[in-house]
Every structure is written in structure tokens, then in C-alpha cells.
Amino acid sequence: MTKHLKTLALVFVFGLASTAIVDTQEKEKAPAQAPKAAVTPVNATPLKVQVVIARYQGEKKISSMPYTLTMNAGNRANLRMGTKIPVMMVSQAMPQTQDGKQIPQVGPIQYQDVGTNIDCSSTQLDDGRFMLNISVDDSSVYPDDGVPGGSKGNPSFRSFRASNSMVLRNGETGQFTTATDKVTGETVKVDVTLTVMK
């Protein structure tokens, strides 16, 4: 009986020892887990982009409209500002009255979008420079006396569209584009100023 107990005890001890050896070998074979990477904050550079649309008649400045967009470098910003102008549609067929006068047939009212749309995206370059990709879409109504041959009650619309890329540093102003209106002779100048905000 004692011999049988001794044999069981030896089997138990050998079993524990072999299990410990197997566990140690499996731990050695298992690949070491990589340490968790430290989360580094993204260095966002806040920018302010000012777009000025100015109109000149000769050397005289007629109007100057500033628009400001803020964004982080590497992102984009959009600006939409405008209104809808009602335009009365008139039919070409004009019935006559009993006294022989023709009366224009008034049709439905359509709405024309008028305003300013600006899209801007930025890319940070080296040496503190930034590339700006800008698109400007500006439309407005001519004053009644602003269009040669224009008549009251029939609005005329003008539109201006330009897309371009510019490279600017902090505090720099660049001329985005210049164009002349064929109808009125007005010159449109668009200037862009970049400011890095702190």
C-alpha cells in the first residue's frame, strides 16, 4: 500500500513538472506583444484666409467686399452667401384688346441666384509656406442705368468666376486675379491675404 502511494506521488510530481516545462516552452515560443504606440497629438495649423473682391472704374474704387474663411492647414473651407432675385417671365404672344393695343402676357416667376461662393483648400509646404487652391464665383444685378441699352424692369445679371492656386506665407497678400467687364468697363480685382493664427 505504501509502495502504491509512493508510486502515485511520484507520478503526480512528474506530471506537475512536465506541465510546468510545457507552459514555460509555450511562453517562450509566444511572440512578445509590441508595446502600445503612444498617441501623438496632430499639429493643426489654424489659418485665416481673407478674400477681397474690389471693383474699379478706371482708377476709382467703386466697391470692396471682404470675405474671411478660417480652416486648419490641410483642410478646406466653403462660403455661400446670396439671395434669390424674382424674374418675371413675359410671353412673346401678346393678345390685342378691343382698341387694338397689345398687352404682354405675364408668365411664371423664376428665381435667379445672386451672391458669392468661395471654396478654398490649403496645403502646408516647407519654410512656412502654404498653397491655397481657391475658387470664386460672384454674381450680381446690374443697376438699371448700368447697362447700355438696358430697360427698367428687366434685370441684367453679371457673373464672375475664377479658379487658381497661390503660395503665400504668413501675412502675405497676393493678387488672385484681375478681369474687366466688357459691358461697363469696370475692373474686378481679387486679392487674397493669408494669416497663420496662434
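The legends below describe close-up views of a predicted model.

**Figure 1. Overall make-up of the protein.** The protein has one helix and eight strands. Read from the N terminus, the order of elements is α-β-β-β-β-β-β-β-β. The helix therefore comes ahead of the strands in that order. The protein has 198 residues, and buried residues make up 24% of them. Of the contacts with a separation of 6 or more, 55% link residues 24 or more positions apart. About 14,300 Å² of the protein is exposed. Carbon and sulfur atoms supply 55% of that area.

**Figure 2. The open sheet of four strands.** Its strand order is β2-β1-β8-β7. The pairing is antiparallel. Strands β2 (60-72) and β7 (173-180) stand at the edges. Each has a single partner strand, so one side of each is left without a neighbour in the sheet. From one strand to the next, the twist averages 15°.

**Figure 3. The pairing of β7 with β8.** This view takes in the edge strand β7 (173-180) and strand β8, residues 187-196. The two run antiparallel. Seven bridges join them. One residue pair serves as a marker: Thr 178 has Lys 189, in β8, as its bridge partner.

**Figure 4. A nonpolar patch on the surface.** Which residues make this nonpolar surface patch? They are Met 88, Ile 109 and Tyr 111. The patch covers about 330 Å². Ile 109 lies in strand β4, which spans residues 106-124. The relative accessible area of Ile 109 is 44%. Buried means under 20% and exposed means over 50%, so Ile 109 counts as partly exposed. Its value also passes the cut-off of over 30% that patch residues need.

**Figure 5. Asp 127 in the loop between β4 and β5.** The loop follows β4 (106-124) and leads to β5 (129-141). Asp 127 is found in this loop. Its phi is near 55°. That is a positive value in a residue other than glycine. Is Asp 127 buried or exposed? Its relative accessibility is 59%, and the cut-off for exposed is over 50%, so Asp 127 counts as exposed. Strand β4 thus links two of the views: Ile 109 of the patch lies in β4, and the loop that holds Asp 127 runs between β4 and β5.

Technical notes:
Residues are numbered from 1 along each chain as its sequence is written. This is a predicted model: local features need pLDDT of at least 70, side-chain atom pairs count only at pLDDT 80 or more; totals for chains, interfaces and linings use all residues. Side-chain values use heavy atoms; hydrogens and water are left out. Buried means under 20% relative accessible area, exposed over 50%, partly exposed in between (1.4 Å probe, protein chains only). Contact means heavy atoms within 4.5 Å. Accessible areas come from the Shrake-Rupley method with a 1.4 Å probe; for residues, only the protein chains shown count as cover. Patches are made of residues with over 30% relative accessible area and no salt bridge: like charges are joined within 9 Å, nonpolar side chains (Val, Leu, Ile, Met, Phe, Trp, Tyr) within 5 Å. A salt bridge is a side-chain nitrogen of Lys or Arg within 4 Å of a carboxyl oxygen of Asp or Glu. Two strands pair if DSSP finds at least two bridges between them. Axes are lines fitted to C-alpha atoms, for helices over the stretch in contact, and angles run from 0 to 180 degrees between N-to-C directions.
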